[in-house]
Each structure stands twice: as C-alpha cells, then as structure tokens.
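User: Please take a close look at one part of this model, the surroundings of the bound ligands. I would like a connected account, with contacts and distances where they are available.

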Amino acid sequence: MMDASVAVTEQENVTENILGDKKVAVVFVLGGPGSGKGTQCSNIVEHFGFTHLSAGELLRTEIKSGSENGAMIDNIIKEGRIVPSEITIKLLQEAMIKSENDKFLIDGFPRNEENRAAFENINLSPDFVLFFDCSEEEMGRRLLGRNQGRADDNIETIRKRFGVFVESSLPVVEYYDSKGMIKKINAAKPITEVFEDVKTVFQTYCPKATQMPSRE
Ligand SMILES: Nc1ncnc2c1ncn2[C@@H]1O[C@H](COP(=O)(O)OP(=O)(O)OP(=O)(O)O)[C@@H](O)[C@H]1O
Ligand SMILES: Nc1ccn([C@@H]2O[C@H](COP(=O)(O)O)[C@@H](O)[C@H]2O)c(=O)n1
Ligand SMILES: [Mg+2]
C-alpha cells in the first residue's frame, strides 16, 4: 500500500495533503451519536461531489467481511467504545487511495485524541471540521427511531456512546476549535434547514474546484 507523504511547496512553504499520487481535500464531520452526520453527508455528496467515508460504516463492513479483527470490533461497537486507531486509520487510508475522487468527507473520525494523532501521523490534515451540535435528548430520540438494525441502537449502548462522546470526542472538537477550524451547525433543526446551513459553509469554505454545478 502506498504511504501518505507530505509535499512542501518550496516557494510558499505550504504543507499539502498528498496521499499516494494525489492531492486530497478532507473535511471531518463530527457530532454526537444521532446528530445527523450520515444524513447530511449524503446531501453534501450530492451537491458538492465529495466521497463520504463513515468510519463506523467501514468498521461495520470489516466485521461483515470476516476479518480477523471482526469479533473484536463487533464487541467494541456493542459496548460503544472506540476501536484502536491503527485499524480505523488503515480502513480510511485504503478507502481514500482506492477512490478516484480527491475530496473526502470523513464522518465520525477522529473520535478521540488517539484517532486525531493517527491521522496527523499519516501527514494529512482536514481543511475544516463540521460539527453538528444537538442535545442528548434529541439525539437519543433519533437513534431509538432509526430502525436500521444497528447493534448499538439500544438504550444501554446509546448511554455509553453519549458518555464516550463527552469524555473523548468533545475534547477533539475543542482542539480544532482552538485552531479556528470548527464550523458549528445547529443540528437540532429539521433536516432541510440543517442542510441550508451546511450549504452555506461549503459554498463559503470549499475551493471553487470542489463545487458541483447547481442542478436547481
Ligand atoms: N435534523 C434531523 N431531524 C430529525 N431527524 C433526523 C435529523 N437528521 C437525521 N435524522 C434522523 O436521525 C437518525 C440518525 O441520523 P444519522 O444516522 O444521520 O446520525 P449520525 O450522526 O450519523 O449517527 P451515528 O453517529 O449513530 O452514525 C436517522 O434516522 C435520521 O433519519
Ligand atoms: N472513529 C471511530 C468511529 C466509530 N467507531 C465505532 O463505531 C461505532 C459506530 O460509529 P458511527 O459513527 O457509525 O456512529 C462507534 O460507536 C464506535 O464504537 C470507532 O471506534 N471509531
Ligand atoms: Mg452515522
């Protein structure tokens, strides 16, 4: 597998996101369980031409593939804990290299400080970080109504996931906030209204090249 490497433009001293043989743009999509990350990522893909990589979905696919790590990942997800970063980063890196696209929404990653450091260690960094802000009460209602057969959509695991979010994931959001990289979205509104705010962020912060022609 090809390694990510950093290319520093000599004249400008700018660090670029180089992965294999392409320059990539990355947007992290963070928020509590049930805040609507996956829902909004589908809309962003359609309007802005990104490829959506959900860390949770990649891990669930790994379980189904019969991988040697499958049982361990399955247990961790059922307990609402975080899978060791080397597993998740490898899945994300492989998916980005395999893709023909060069712009990625990375949903549900980094979930803790170890995840964040793992991404930094492959010499990639996000252009910005979308953060979906929503109350636990509303997120819990959404998760219990999701009905997608997920092993972690039960009240016991949901409580644990909320705990992990506060303990481990919010500090990562605070880290990016301290760097001025967070674009905070009020995710408690209806889906279409949330997307209006998301659209404004992408129209404002994405390079022109990453915007698709409007189909409206
Ligand atoms: N703004 C919204 N208002 C009401 N329901 C929503 C909203 N956004 C998403 N939902 C619904 O809430 C549920 C959870 O949404 P989604 O799967 O997008 O969340 P998520 O942040 O990806 O959660 P997870 O971290 O568990 O993967 C889904 O059933 C979705 O249809
Ligand atoms: N960086 C990550 C992301 C997810 N997980 C595990 O998967 C579960 C489901 O994730 P969703 O984003 O689909 O909600 C999550 O609760 C974790 O157990 C992870 O370990 N690391
Ligand atoms: Mg999701």
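Analyst: What follows goes through the two ligand sites in turn and ends with the salt bridges. The model is predicted.

I start with ligand 1. This ligand is surrounded by 17 residues, and those that come closest are K37, T39, R146, R161 and K189. Sorted by class, the shell around ligand 1 is made up of five nonpolar, six polar and six charged residues. Two helices, α1 (37-48) and α6 (136-144), each supply at least two residues of this shell. Helix α1 gives the most to the shell around ligand 1, namely three residues.

Backbone atoms take part in several polar contacts with ligand 1. At G34, a backbone N or O atom is 3.0 Å from an oxygen atom of the ligand. A polar backbone atom of G38 also lies 3.0 Å from an oxygen atom of ligand 1. For K189, the partner of the backbone N or O atom is a nitrogen atom of ligand 1, at 2.8 Å. On its own, ligand 1 has 640 Å² of accessible area, and the protein covers 80% of this. The space that ligand 1 takes up is the largest pocket.

Next comes ligand 2. Its surroundings comprise 15 residues, of which R81, V83, G108, N115 and R150 come nearest. The shell around ligand 2 has six nonpolar, three polar and six charged residues. Helix α2, residues 55-64, gives the most to this shell, with four residues.

The polar contacts of ligand 2 involve both backbone and side-chain atoms of arginines. The backbone of R81 places an N or O atom 2.6 Å from an oxygen atom of ligand 2. From R111, a polar side-chain atom lies 3.1 Å from a ligand 2 oxygen atom. R150 has a side-chain N or O atom at 3.0 Å from an oxygen atom of ligand 2. Of the 460 Å² of accessible area that ligand 2 has on its own, the protein covers 96%. The largest pocket is also the space taken by ligand 2.

The last point concerns the salt bridges. The structure holds 17 of them. One joins the side chains of D74 and K78, with an N to O distance of 2.9 Å. Side chains of opposite charge can pair when their charged atoms come close. Both D74 and K78 belong to helix α3 (residues 70-78), where four residues, about one turn of the helix, set them apart.

Definitions and conventions. Residues numbered from 1 in each chain as written. Chains lettered and ligands numbered in written order. Predicted model: local features only at pLDDT ≥ 70, side-chain atom pairs only at ≥ 80, totals over all residues. Heavy atoms only, no water. Near = heavy atom within 4 Å. Polar contact = N/O pair within 3.5 Å; in protein donor to acceptor, adjacent residues only side chain to side chain. Areas by Shrake-Rupley, 256 points an atom, 1.4 Å probe, with all protein chains shown as cover. 1 Å grid on protein atoms, 1.4 Å probe; cavity = no way out; pocket = protein on both sides within 12 Å on 5 of 7 lines; lining within 4 Å. Sits in = over half its atoms within 2 Å of the grid points. Nonpolar A, V, L, I, M, F, W, Y, C, P; charged D, E, K, R; others polar. Salt bridge = Lys/Arg side-chain N within 4 Å of Asp/Glu carboxyl O.
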